[in-house]
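Reader: I am new to this structure and would like to go through it step by step. Could the answers stay short and show their reasoning?

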Amino acid sequence: MVSLYHLRPTPPHHTQIVAEMASYGNGIEKLVEFQQPRPQDHFERRELNGIFAQPQPGLNRVGVHVPVGRLSAQEARDLAMVADKYVPGGEVRLTVEENAILPNVKDEDLAALRAEPTLNPPYRLSVNPGKIAGNVVSCTGAQFCGLAMVETKNNAEEIAKILEDRVEVPRAVRIHWTGCPNSCGQVQAGDIGLMGGPAKKMNAEGKMKAVPGVKVFVGGTIGEHGKLQLNPTDMNGGDDCDGVPIDNLVPVLTQIIVDKYDGTVKPEFVEEQTAWKVALDEADAAKAAVVAAKEAAKLAKAKAAEEAKAAAAAEAAAA
Ligand code: SF4
C-alpha cells in the first residue's frame, strides 16, 4: 500500500509506486522509467504573461494577464472577440496561474493585438502587467468564502497596482494572498505571503481597535529546490500584535521589495517611504525599550526577593 500522507516516505515515493505496480504482475512498471524519466536538466520556470515567439516561424504565443484570476462575463466575451480576430479557430488556453494564452498569433498581427482596447487600461486584462501585479496569487477570500477572515482578491489587485506605481524591481515578485490559515493561496510558497488574521490599529481616540489584517511570510521559493516559509515575519513596528493592518500594507510591502528583492522606490515616493521607515524604526526601538524595561524590573524584583530571603535567613541565624 502506498502512503499518500507521508511527506518523506522511506523508500522514496517513486520507488514505492514502481514496487506497487510491479506487484500487479502485468509488466507495466518497466515502462515507468522509459515513459516518465526523472528530469536531469535544470528547470527554469517559463514566463507566460507577455509575447513570446513560438518554435514555428512567424507565430507567437501571447499571455494575457487576468488579475487575481477573476474574469467577468464581459471580460470573457471581450477576450473571445480578440481571439476570434487574431487566433486561428479562436483558441484560448488557460494557465494554472489563472491567466490566458492566445496561441499562434502571426508576427504581422502583434502590433494590432497589443493595441486592442480590451488589453489596455482602463480595462483589467493586459499583456504586460508588470513584475509585481503580473505575479499576484489570491484565494477566494471573504467575498465568496465563509471561512475567510479578510477580503483578499480585491485588496490583492488594488495593492499590487499601487506597488507597481511605487517600486521598480528587476525580477518577478510573487505576492500570495490567503484569507485564512487553510492557505488556499499558498502563502508559504510566495516571495511574500499574506495570510488573513487579526490586527490592531490605533483609532482617532488613541485606542487600539481590531481591524482586518494579515500575517506576513517572506522568502518562500518554488522550483527544483523550492522551500516553504512556514513562519511569519514580525513587520509591525511597535504594535503588540502579529497582524499588519491591511490599510498599512503598502509601505510594508514596498520595504520588503526594496530590502529582499532589489527593488527601488520611485523618486516621487522616496520621502514618504523614508518617513514611514523612520517611524517604524522608532516604534521598534520603543517596543524594545519597553521589553527591556520589563525584563530589568523583573530581574530587580527577583534580586530584591533573593536579598530579603537572605536577610531573613541571616536574622534567624543570629537569633
Ligand atoms: S484560504 Fe481560507 S479564505 Fe481562502 S479560499 Fe481557502 S478556505 Fe477560503
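Reader: Which residue in E7 is the bridge partner of valine 137?

Author: This is a predicted model. E5 and E7 run parallel and are joined by two bridges. Valine 137 has its bridge partner in E7, and that partner is histidine 176.

Reader: What is the order of the strands in the open sheet of five strands?

Author: The pairing in this sheet is mixed. One parallel pair is E7 with strand E8 (residues 192-202), over four bridges. In the open sheet of five strands, the order is E5-E7-E8-E9-E10.

Reader: Which strands stand at the edges of that sheet?

Author: An edge strand here has a single partner strand, so one side of it is left without a neighbour in the sheet. The strands in that position are E5 and strand E10 (244-245).

Reader: Which residue in E8 does threonine 178 stand opposite?

Author: E7 and E8 pair in the parallel sense. Threonine 178 stands opposite a residue of E8, methionine 195.

Reader: Which residues point the other way from Ile175 and Trp177 in E7, and are they buried or exposed?

Author: In a regular strand the side chains alternate between the two faces of the sheet. Ile175 and Trp177 point one way from E7, and these two are buried. Pointing the other way, and also buried, are His176 and Thr178.

Reader: Where do the buried residues of H5 lie, seen down its axis?

Author: Helix H5 (residues 153-166) has 14 residues and reaches 20 Å from its first C-alpha to its last, close to the 20 Å expected. Its buried residues are Lys153, Asn155, Ala156, Ile159, Ala160, Leu163 and Arg166. Seen down the axis they fall within an arc of 150°, so they line one face of the helix.

Reader: Which helices do the buried residues of H5 pack against?

Author: The packing partners include strands E5 (137-138), E6 (167-168), E7 (175-178) and E11 (264-265). The helices among the partners are H6 (249-261) and H7 (267-318).

Reader: Is asparagine 155 buried or exposed?

Author: Asparagine 155 has its place in helix H5. Its C-alpha atom is separated from that of tryptophan 177 by 9.1 Å, with the two residues 22 apart along the chain. With 23 other C-beta atoms within 10 Å, asparagine 155 counts as buried.

Reader: Is aspartate 41 buried or exposed?

Author: Aspartate 41 lies in the loop between helix H2 (30-35) and E1. The C-alpha atoms of aspartate 41 and tryptophan 177 are separated by 31 Å, and the residues are 136 apart along the chain. Aspartate 41 has 6 other C-beta atoms within 10 Å, so this residue is exposed.

Reader: Which strands are the edge strands of the sheet with the order E1-E2-E4-E3?

Author: Four strands form this open sheet, with antiparallel pairing. An edge strand pairs on one side only, and the strands that do so are E1 (50-53) and E3 (93-94).

Reader: Which residue in E4 stands opposite glycine 63?

Author: Strand E2 (residues 59-64) and strand E4 (residues 100-106) pair over five bridges in the antiparallel sense. Opposite glycine 63 stands a residue of E4, isoleucine 101.

Reader: What is phi of serine 183, and how exposed is this residue?

Author: Most residues other than glycine have a negative phi, and most peptide bonds are trans. Serine 183, in the loop between E7 and E8, has a positive phi near 60°. With 17 C-beta neighbours inside 10 Å, serine 183 counts as partly exposed.

Reader: What is phi of glutamine 186?

Author: Glutamine 186 is found in the loop between E7 and E8. With 17 other C-beta atoms within 10 Å, glutamine 186 is partly exposed. Although glutamine 186 is not a glycine, its phi is positive, at about 55°.

Reader: What is omega of the peptide bond from proline 121 to proline 122?

Author: Proline 122 is found in the loop between helix H4 (110-114) and E5. The peptide bond from proline 121 to proline 122 is cis, with omega near 5°.

Reader: Which residues come nearest to the ligand?

Author: The shell around the ligand divides into six nonpolar, seven polar and no charged residues. Of the 13 residues around the ligand, those that come nearest are Cys139, Cys145, Ala148, Gly179 and Cys184.

Methods. Residues numbered from 1 in each chain as written. Predicted model: local features only at pLDDT ≥ 70, side-chain atom pairs only at ≥ 80, totals over all residues. Near = placed C-beta within 6 Å. Nonpolar A, V, L, I, M, F, W, Y, C, P; charged D, E, K, R; others polar. Expected span 1.5 Å × (residues − 1). Buried ≥ 20, exposed ≤ 12 C-beta atoms within 10 Å, placed from the backbone. Arc of directions from axis to C-beta. Contact = placed C-beta atoms within 7 Å. Pairing = 2+ DSSP bridges.
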